[in-house]
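Here is a friendly walk through one protein and the ligand it holds. Please keep the 3D view open as you read.

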Amino acid sequence: MITPDDIACYRAETRGTEHVAHLNNAGASLPPDAVHERVIRHLDRERDIGGYEAKAEAANEFEAFYPAIAGLIGAKPQEIAFIENATRAWDMAFYSLPFREGDEIITVETEYASNFMGYLQARKRHGAVIKVAPCAPSGRVDVAALEKLITSRTKLISVTHVPSHSGIINPAAEIGRIARQHGILFLLDACQSVGQLPVDVNEIGCDMLSATGRKFLRGPRGTGFLYVREELANSLEPVMLDLHAAEWTGEDQYRIEAGARRFENWECFFAGKLGLAVAARYAQKVGLAAIAERNTALAERLRGGLASFAHVDVRDRGEEKCAIVTFTVKGREAAEVHHALRQQGINTSVSSGDYSRLDLTRRGIKSLVRASVHYYNLENEIDRCIEAVARLGRG
Ligand SMILES: *Cc1c(COP(=O)(O)O)cnc(C)c1O
């Protein structure tokens, strides 16, 4: 459990909390000062002694990145690749899978735009077939319906764990069980779940998982990672190679790096990589179960407050809801609400309908205000947001 004293301590370690009520943790969270300082310290060393030299000096710490991330999701260090964001991490996994004409990809109605466009490309290039599992009435994916879509041609189940736009948590572990039973690869977009709730790749049973640094993990922007189960990583030819991912061993041959590092780039945001490791250790120290528990309580407080107004529609679905709260205000554009809150020192964001076209179009929603809480937020910040939205109904 996170106590009020703990919260005071986490806020004292997060300078941004002095300036704003930050309810945009699904966009980019406020980093702990330790994350910021680690990035700056490395940039300072790059300035003072040179980039290659700074990297060599911190060699052990760079190696410690892998166990730090692995520990966060129950993986092995050799199953982790550092990649510049979640989209490219996901791409490196997805585009490395060899699709043939008629191979089926099963996904969900709440799928994220970038991923779905990947499926469309696989259809255009290779003749892959896209199958979409519908939502159950609660809003999360209908797992039984998903299982019924499986045939002998199903090559991949690819699902967003926590959609960025609707408050739901998809039942990743139930999908994982089905994928394993049928011997089908399972790719999980955990961009919004890592750092927000406990995510364990063995409990979930996914083969590949992508995540970003800047969201609920509170890492630096421009960082992310990919997990690929060791045996699978060693059998996949990455869609792109460089001299870090592989070695040019002879005029007409190369040898690919073992494990998930074959999906990495040689050049990267080195300072950010160190900062991301700090963020991963910080989240584990706070405790993911405790984080999830507090996030649920804060989000419920916000939903409850907003739902009491006639001029507000809370748009979240799902029996089990997460730290993402979405709503619309009657007669006002989402962007207008977002700006009005911003004027009052309350950060939120706007989700546009094309971020998750299948789901939002079906629900007739053009855009949403998204308020995403995190454990370091205060109840009184939530209440300020509720009061600010209340005032929009009066004017
Ligand atoms: C934000 C987000 C992404 C993309 O992450 P980047 O780090 O910006 O590439 C992917 N999937 C989901 C569900 C997201 O919310």
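The report below goes from the overall fold to the ligand site, and then to one residue of that site.

## The protein as a whole

Please bear in mind that this is a predicted model. The protein has 395 residues, and its radius of gyration is 21 Å; a compact globule with that many residues would come to near 21 Å, so the two agree. If you turn the C-alpha trace along its principal axes, it spans about 75 × 55 × 35 Å.

The secondary structure consists of 15 helices and 15 strands. Of the 395 residues, 57% are buried. Among the contacts with a separation of 6 or more, 70% are between residues 24 or more positions apart. On the outside, the accessible surface amounts to about 16,900 Å², and carbon and sulfur atoms contribute 50% of it.

## Around the ligand

Which residues surround the ligand? They are N85, A86, T87, Y112, T160, S164, D189, C191, Q192, T212, R214 and K215. Sorted by class, this shell holds six polar, three nonpolar and three charged residues.

Several side chains place polar atoms beside the ligand. D189 has a side-chain N or O atom 2.6 Å from a nitrogen atom of the ligand. Oxygen atoms of the ligand are approached by Q192, with a polar side-chain atom at 2.9 Å, and by T212, with a polar side-chain atom at 2.6 Å. How much of the ligand does the protein bury? On its own the ligand would expose 380 Å², and the protein buries 91% of that area.

## A closer look at T212

T212 is worth finding in your viewer. This residue belongs to strand β7, which covers residues 208-212. Is T212 buried or exposed? Its relative accessible area is 3%, and buried means under 20%, so T212 counts as buried.

Besides the ligand, the side chain of T212 has polar partners within the protein. One is the side chain of R214, joined to that of T212 by a polar contact of 3.3 Å. R214 is also one of the residues around the ligand. Another partner is the backbone oxygen of T223, which the T212 side chain reaches at 3.4 Å.

Leaving aside residues up to four places away in sequence, T212 touches N85, A86, C191, L217, T223 and G224. Among these neighbours, N85, A86 and C191 also appear in the list of residues around the ligand. To recap, T212 sits in strand β7, and its side chain has a polar atom 2.6 Å from an oxygen atom of the ligand.

Definitions and conventions: Residues are numbered from 1 along each chain as its sequence is written. This is a predicted model: local features need pLDDT of at least 70, side-chain atom pairs count only at pLDDT 80 or more; totals for chains, interfaces and linings use all residues. Side-chain values use heavy atoms; hydrogens and water are left out. A residue is near a molecule or strand if one of its heavy atoms lies within 4 Å of it. A polar contact is a pair of N or O atoms within 3.5 Å; within protein, one must be able to donate a hydrogen and the other to accept it, and residues adjacent in sequence count only if both atoms are side-chain atoms. Accessible areas come from the Shrake-Rupley method with a 1.4 Å probe; for residues, only the protein chains shown count as cover. Ala, Val, Leu, Ile, Met, Phe, Trp, Tyr, Cys and Pro count as nonpolar, Asp, Glu, Lys and Arg as charged, and the others, Gly among them, as polar. Helices (H or I, at least four residues) and strands (E, at least two) are DSSP runs, numbered from the N terminus. The radius of gyration is taken over C-alpha atoms; the globule rule is 2.2 Å times the number of residues to the power 0.38. Buried means under 20% relative accessible area, exposed over 50%, partly exposed in between (1.4 Å probe, protein chains only). Contact means heavy atoms within 4.5 Å.
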